[in-house]
Amino acid sequence: MLRRNFVICEGEKEYAQNLISMFREQKNLKYRLYSFQSIERLKAFAQDNKIDVLLISEEFPKEIRQQIPSDVCFVLTAGNEKELTEKEKGVYKYQSVDQIQELILNQLEVSSGKIKRHELPSSLIGVYSPVHRIGNTKFALNLGRKLLKKGPVLYINLETYSGGEHYFSERQENNLGDLLYYFRLGQKNMSMYISAMTEQIDGVDYIPPMPVSRDLLDVKQEEWFRLFQTIQEECAYQTVILDLGEFVHGLYEILRVCNTVYTLYREDNLSMAKLAQYTQNLRMLGFEDVLEHTVQKAVPVKEGA
């Protein structure tokens with residue numbers, strides 16, 4: 001089998017050597033590994049060779065990085081990912097090399113469709129609807145209360161506008177943004193941070209949502225995957241419920257790895273048209289398998305609507 005090219009471009013020689021050594025130790029790696037410290041040498045290589053995966057330092061400006069064609073591009077960052085393009089995926093540089101390797105290899109598997117929902121803990125539930133103002137949050141919290149009979153439940157709100165104090169406590173010293181901050185720093189024992197910032201609604205644990213919508217929009221798909229896996233591996237929750245909004249990066253990928261997706265709809269013409277368009281989008285974009293584990297639930301049309 002012809003192996004693809006995995007290229008690392010990092011100005012710090014020792015750091016680059018550590019990265020390349022770690023990837024070379026990976027068994028059954030289906031990539032040829034190359035390492036460069038000079039952007040000029042990388043450009044010369046790219047002229048004659050296809051780059052399937054590029055791991056490059058943010059020390060090389062965005063304008064220069066865009067000149068290097070690659071199928072997938074990971075950028076080693078110091079934590080600020082606002083300078084990344086839509087096609088680039090940020091990787092926090094100052095974590096252990098093995099954590100970087102695990103993140104990248106997992107993301108490559110997700111991108112290629114190799115990670116299936118059965119490979120994640122069987123407790124991830126998504127709540128999402130293309131129909132707005134339909135009661136997703138109320139439904140998700142009620143579902144959490146019912147599932148408490150099976151074990152502890154964690155609710156995470158990933159809507160652009162969560163409703164703030166309408167559902168959640170006014171006392172929010174920490175929120176999901178703070179948790180992601182510690183997570184990006186590569187802090188150990190994340191269960192301690194999660195436990196410290198969770199609050200409860202009728203026995204259902206929840207992490208206070210981000211109050212600023214832009215902060216939510218800045219979170220990349222791979223960060224969500226890593227966070228969900230960490231929560232399920234390190235915390236004693238039987239079920240994790242994700243209340244999802246349409247602007248979450250990697251929405252369809254997240255729906256794909258959920259064990260069950262609940263989609264609410266109304267039986268009026270506009271709602272049914274939105275549901276049909278959403279279903280068609282899933283099929284056109286190759287996510288028809290999401291429909292296989294989706295439960296659609298009709299809710300009453302409000303009087304006067």
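## Contacts, burial and cores

Asn-136 is in contact with Val-127, Tyr-128, Ser-129, Asp-243 and Leu-264, not counting neighbours within four places in sequence. The model is predicted. Asn-136 sits in helix H5, which covers residues 136-147. With a relative accessibility of 8%, Asn-136 counts as buried, because the cut-off for burial is under 20%.

Two cysteines are also buried: Cys-235 and Cys-258. The disulfide count is zero. The table lists the relative accessibility of these residues.

| Residue | Relative accessible area | Class |
|---|---|---|
| Asn-136 | 8% | buried |
| Cys-235 | 13% | buried |
| Cys-258 | 0% | buried |

Next, the nonpolar cores. In soluble globular proteins, nonpolar side chains tend to be buried together. Which residues have the most contacts inside the largest nonpolar core? They are Leu-158, Leu-176, Leu-179, Trp-224, Ile-231, Leu-242 and Leu-255, in a core of 41 residues. Several elements give two or more residues to this core. The strands are S7 (153-158), S10 (239-244) and S11 (260-265). The helices are H6 (176-184), H7 (190-197), H9 (221-234), H10 (251-257) and H11 (269-284). Another core, of 21 residues, lies apart from this one. Its members include Phe-6, Ile-8, Val-53 and Val-97.

Back to Leu-176. Neighbours within four places in sequence are again set aside. Leu-176 then contacts Ile-156, Asn-157, Leu-158, Ile-207, Pro-208, Pro-209, Met-210, Trp-224 and Leu-227. Of these partners, Leu-158 and Trp-224 are also among the residues with the most contacts inside the largest core.

Note on methods. Residues numbered from 1 in each chain as written. Predicted model: local features only at pLDDT ≥ 70, side-chain atom pairs only at ≥ 80, totals over all residues. Heavy atoms only, no water. Helix = DSSP H or I, 4+ residues; strand = E, 2+ residues; numbered from the N terminus. Buried < 20%, exposed > 50% of the residue type's maximum accessible area, 1.4 Å probe, protein only. Contact = heavy atoms within 4.5 Å. Disulfide = S-S within 2.5 Å. Core = buried A, V, L, I, M, F, W, Y, C linked by side-chain atoms within 4.5 Å.
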